[in-house]
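Me: I have a chain open here and would like to go through it piece by piece. Could you keep to what can be read from the coordinates?

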Amino acid sequence: MKIASVLSLPLFAACSFLSVAEPEIDQEHVVRVLSALSADSMEGRETFTPGIEKAAAFLAAEFEDIGLSSFEGNAGFLQSFHVSSLTREEFTVSINGAEIAEENRAAATTSERLSWTDPADFRLMVVGPDDDFGAMFFELRNGDEDVLMFVDPSHRDFFERIRGFLSRPTRRLDLGAGPNTVVVLGNAAEISSVDVQVTNSVEQQGLANVVGVIPGRRADEIVLFSAHYDHIGFSRAVNGDSISNGANDDASGIAAVVELARYFNEMRRPERTLVFAAFTAEEMGGFGSSYFSQQLDPDQIVSMFNIEMIGKPGIQGPNTAWITGFDRSDMGELMQRAVEGTVFSFYPDPYPDQNLFYRSDNATLARLGVPAHSISTTAIDVDTDYHQVSDEIETLDLDHLTNTVRAIAAGARTIVDGDATPTRVNPEEV
Ligand SMILES: [Zn+2]
């Protein structure tokens, strides 16, 4: 309460003739959204299920109610798109006229069809017994070259793991994107003739982010507030409960995003354009944030406040939150400065070993240079409810949650107002 009035003073002094009530972050609003999303009726909000569609409709109605604008290119608040689900149908490899046995070949491809009939169709790479097969394979997957790897049989164990992984169905946002890698376990040979055939069946699956906008005076400077609204759905029953409600992960973050949208919308027109995004499929590999990042120029995103699991107080006590990847831009420092003299404080992520910077949607935008950080408060290393059916609203500290939303509103204020601009993240280091 204290912080809201302190922060709103200069603003409302400037336009007090409007005699508008001072906006505040309201705990009742936060709890209402949190309760709705973590209710059993949402069935754990798993991507591609009716539960998440219900959650999307609920959030779209919230954005409508607040009076947000829709994001450019979207008809309403749903940012709908598809991913391709690939299932291996056929896979054969023959080299110099001899067919390679099933247990000795693997293929990594995101294409519906792959056909190599000429040694010039790929580069040949030989992995010897002393080479680091794993490192070489993953480097290729991050590159853009089509390669056939001949792998020394001494690497059989690791090869088996890769083969098992690659033969499972997979989902891709961009069908056919990236390099093709075919791995053959066996002694290297000179290749005079080759025939590689891979066929995947492809099914399109629909999903949607929920995105709302408060247009600012500067249309090309965007401040993004985000969280993910998907969760993991049904799990093994514990005491008759099989729904992983994801109250903390990440209905808490979504409740924050919705309340921040309402809060900022009640103020005068912001200097910067504010975008509020509820991402889908975070738990499935971040398809929602990936698709979102392709629908705008990431250079225009001045800051991304990604909110993750803020329903439980962190190890530094109440009125504190941490910021992942604190040193990768000065966004965290700017937030600290913005709340100086208040009860709130932000500090660097205390669990560097958990790689939290990479474990949420912020990483997708950070790879594009955006100062994109997650704000969180839950002790992830000891939390017993994380990804369990016990992640229920009853386990959360609702005062703490509301105070954290207040802290984020306060911490983001100078950036929203255009008075502060975080340094960019170096994508080469992400
Ligand atoms: Zn999460």
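Me: Let's start with H5: which residues are exposed on its other side, away from the buried ones?

Reply: Asp157, Arg161 and Phe165 are the exposed ones there, where exposed means over 50% relative accessible area, buried under 20%, and partly exposed in between, with a 1.4 Å probe and protein chains only. Before going on, note that this is a predicted model, in which local features need pLDDT of at least 70 and side-chain atom pairs count only at pLDDT 80 or more, while totals for chains, interfaces and linings use all residues. Residues are numbered from 1 along each chain as its sequence is written, and side-chain values use heavy atoms, with hydrogens and water left out.

Me: And which residues of H5 are buried?

Reply: In helix H5, residues 156-166, the buried residues are Phe159, Ile162 and Leu166. They span an arc of only 65° around the axis, which places them on the same side of H5; the arc is that of the directions from the helix axis to the C-beta atoms. Helices (H or I, at least four residues) and strands (E, at least two) are DSSP runs, numbered from the N terminus.

Me: What covers that buried side of H5?

Reply: The cover includes strand E2 (78-95), strand E4 (105-108), helix H4 (133-141) and strand E9 (181-185), with contact taken as heavy atoms within 4.5 Å.

Me: OK, now H8. Which of its residues are buried?

Reply: Helix H8 runs over residues 331-338, and Met331, Gly332, Leu334, Met335 and Ala338 are buried in it. Their arc around the axis is only 160°, which puts them on the same side of H8. These buried residues pack against strands E15 (301-307), E16 (320-323), E17 (345-348) and E18 (372-376), and also against helix H10 (398-416).

Me: At what angle do H8 and H10 pack?

Reply: The angle is about 110°, and the axes are 7 Å apart; axes are lines fitted to C-alpha atoms, for helices over the stretch in contact, and angles run from 0 to 180 degrees between N-to-C directions. H8 and H10 are therefore roughly perpendicular to each other, given that 65 to 115 degrees counts as roughly perpendicular, under 35 as roughly parallel, over 145 as roughly antiparallel and the rest as oblique.

Me: Which residues make that contact?

Reply: H8 contributes Met331, Leu334, Met335 and Ala338, while H10 contributes Ala410, Gly411, Thr414 and Ile415. Six of the residues in this contact are nonpolar, two are polar and none is charged, on a scheme in which Ala, Val, Leu, Ile, Met, Phe, Trp, Tyr, Cys and Pro are nonpolar, Asp, Glu, Lys and Arg are charged, and the others, Gly among them, are polar.

Me: Back to E15 for a second, what does methionine 304 touch?

Reply: Methionine 304 lies in strand E15 and is buried, with a relative accessible area of 0%. Leaving aside neighbours within four places in sequence, its contacts include Met331, Phe279, Leu224 and Val370. Valine 370 is 66 residues away along the chain, yet the C-alpha atoms of methionine 304 and valine 370 are separated by 7.2 Å.

Me: Where is there a cis peptide bond?

Reply: One joins aspartate 249 and aspartate 250, with omega about -5°, and aspartate 250 is found in helix H6, residues 247-265.

Me: Which backbone angle stands out at alanine 281?

Reply: Phi of alanine 281 is near 55°, a positive value in a residue other than glycine. Alanine 281 is in the loop between strand E14 (272-279) and H7, and at 0% relative accessibility it counts as buried. Alanine 281 is also one of the residues touched by glycine 288, which is found in helix H7, residues 287-293.

Me: What about phenylalanine 48, where does that one lie?

Reply: Phenylalanine 48 is in the loop between helix H2 (27-37) and helix H3 (50-66). Its phi is positive, about 75°, although it is not a glycine, and at 23% relative accessibility phenylalanine 48 counts as partly exposed.

Me: Zooming out, how many helices and strands does the chain have?

Reply: The protein chain has 10 helices and 18 strands, and buried residues make up 54% of its 430 residues.
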